[in-house]
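Biologist: Please show the structure, and let us then discuss it step by step.

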Number of protein chains: 2
Amino acid sequence: MRDAHHPHTRDLSLVEVLSALGDPVRLGLVRLLADGRERGWGQLSAPVAKSTLSHHLRVLRDAGITRTRQEGTRCYVALRRADLDARFPGLLAPVLESAEAHDAGAGVHLRESGPL
Amino acid sequence: MRDAHHPHTRDLSLVEVLSALGDPVRLGLVRLLADGRERGWGQLSAPVAKSTLSHHLRVLRDAGITRTRQEGTRCYVALRRADLDARFPGLLAPVLESAEAHDAGAGVHLRESGPL
DNA sequence: TTCGATGTTTGACGAACATCGAACAAGCTA
DNA sequence: TAGCTTGTTCGATGTTCGTCAAACATCGAA
């Protein structure tokens, strides 16, 4: 819960990023974060157990797609859009647009009344 | 070898496409086809056995990323760029550019003197 | 300090995947 | 017909992945 390791921008791997995005739950999570706002863990609702959700958030974090910040006992997740754009220019936008257009990653949504 | 099934453009799944691209060998193959030219199977050289290469080409084909054409006993592979652009506008270009920029999918290259 | 809330980690499981060599099938060519 | 070339398919194997429940760790509050 403590050592949230985030890879440096220069170390982001394209294959790893694409692979991380190639899962419905994770793509749905990224879609939720697309507006750039930071979200509380508790706001994230996916059709999987919380341990599985934790796993997916870890995969996204390890791939450098999201950044996790801890505050007290709560966690906040945000998209590393600037870093991704710097390393893979133009990649994120069409992914998000296509995901939105085809409603990919459905089943993942914001929970009513969550922290932050 | 005969029934090369290609999904219709309208059925292409973003998750499936991203997942298919999230492998070094497959991304390397896509990079080779980036110039739009059709390539003969025999031209493709990857650091895997031919049965494995056949498998990867099948994954790409099933995801709708490539099109395979058979002519006699030979096969030719090409990128379905127009279809991908139609279904996922703007997605392919930055993927190819980033792959090129970071030399992703290395190990896959064109073989000297192959069919076509 | 005890309790409750919040995520993470662990252990386990089946499914999917990447990989290989060998056998196979299809189509030229001799 | 027999043989060669070209890919595909078939087991087999070891790995990774997605998933869950349960145990654990951390922090704030009572």
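Modeller: A rotation of 180 degrees with 0.0 Å of shift along its axis places chain B on chain A, with an RMSD of 0.0 Å; the fit is by least squares on the C-alpha atoms of residues with pLDDT of at least 70 in both copies. That is the relation of a two-fold axis. This is a predicted model, in which local features need pLDDT of at least 70 and side-chain atom pairs count only at pLDDT 80 or more, while totals for chains, interfaces and linings use all residues. Residues are numbered from 1 along each chain as its sequence is written, chains are lettered from A and ligands numbered from 1 in the order in which they are written, and side-chain values use heavy atoms, with hydrogens and water left out.

Biologist: What percentage of the interface residues of chain B are also interface residues in chain A?

Modeller: Contact here means heavy atoms within 4.5 Å. The copies meet through the same surface, because the share of interface residues of chain B that are also interface residues in chain A is 100%.

Biologist: Which strands are at the edges of the open sheet in chain A?

Modeller: Strands are DSSP runs (E, at least two residues), helices are runs of H or I with at least four residues, and both are numbered from the N terminus. Two strands pair if DSSP finds at least two bridges between them. The open sheet of chain A has 3 strands in the order β1-β4-β3, with antiparallel pairing. The strands that pair on one side only are β1 (39-40) and β3 (66-71) of chain A.

Biologist: In chain B, which residue of the hairpin of β3(B) and β4(B) takes a positive phi?

Modeller: In chain B, 6 bridges join β3 (residues 66-71) to β4 (residues 74-79), and the two strands run antiparallel. Within this pair, B:Arg69 has B:Tyr76 as its bridge partner. The hairpin has 2 residues between the strands, and the positive phi, near 65 degrees, belongs to B:Gly72.

Biologist: Is A:Asp103 buried, partly exposed or exposed?

Modeller: Most residues other than glycine have a negative phi. A:Asp103 is not a glycine, yet its phi is positive, about 55 degrees. A:Asp103 lies in the loop between α5 (92-101) and β5 (109-110) of chain A. Buried means under 20% relative accessible area, exposed over 50% and partly exposed in between (1.4 Å probe, protein chains only), so A:Asp103, at 44% relative accessibility, is partly exposed.

Biologist: How far is a phosphate oxygen of DNA strand C from an N or O atom in the side chain of B:His56?

Modeller: A residue is near a strand if one of its heavy atoms lies within 4 Å of it, and B:Thr52 and B:His56 are among the residues that come nearest to DNA strand C. A polar contact is a pair of N or O atoms within 3.5 Å; within protein, one must be able to donate a hydrogen and the other to accept it, and residues adjacent in sequence count only if both atoms are side-chain atoms. For B:Thr52, a polar side-chain atom lies 2.8 Å from a phosphate oxygen of DNA strand C. For the side chain of B:His56, the distance is 2.4 Å.

Biologist: Which element gives the largest share of the surface near DNA strand D?

Modeller: α3 of chain A, together with α3 and β4 of chain B, each supply at least two residues of this surface. From chain B, a polar side-chain atom of B:Lys50 lies 2.8 Å from a base nitrogen of DNA strand D. The largest share, 4 residues, comes from α3(A).
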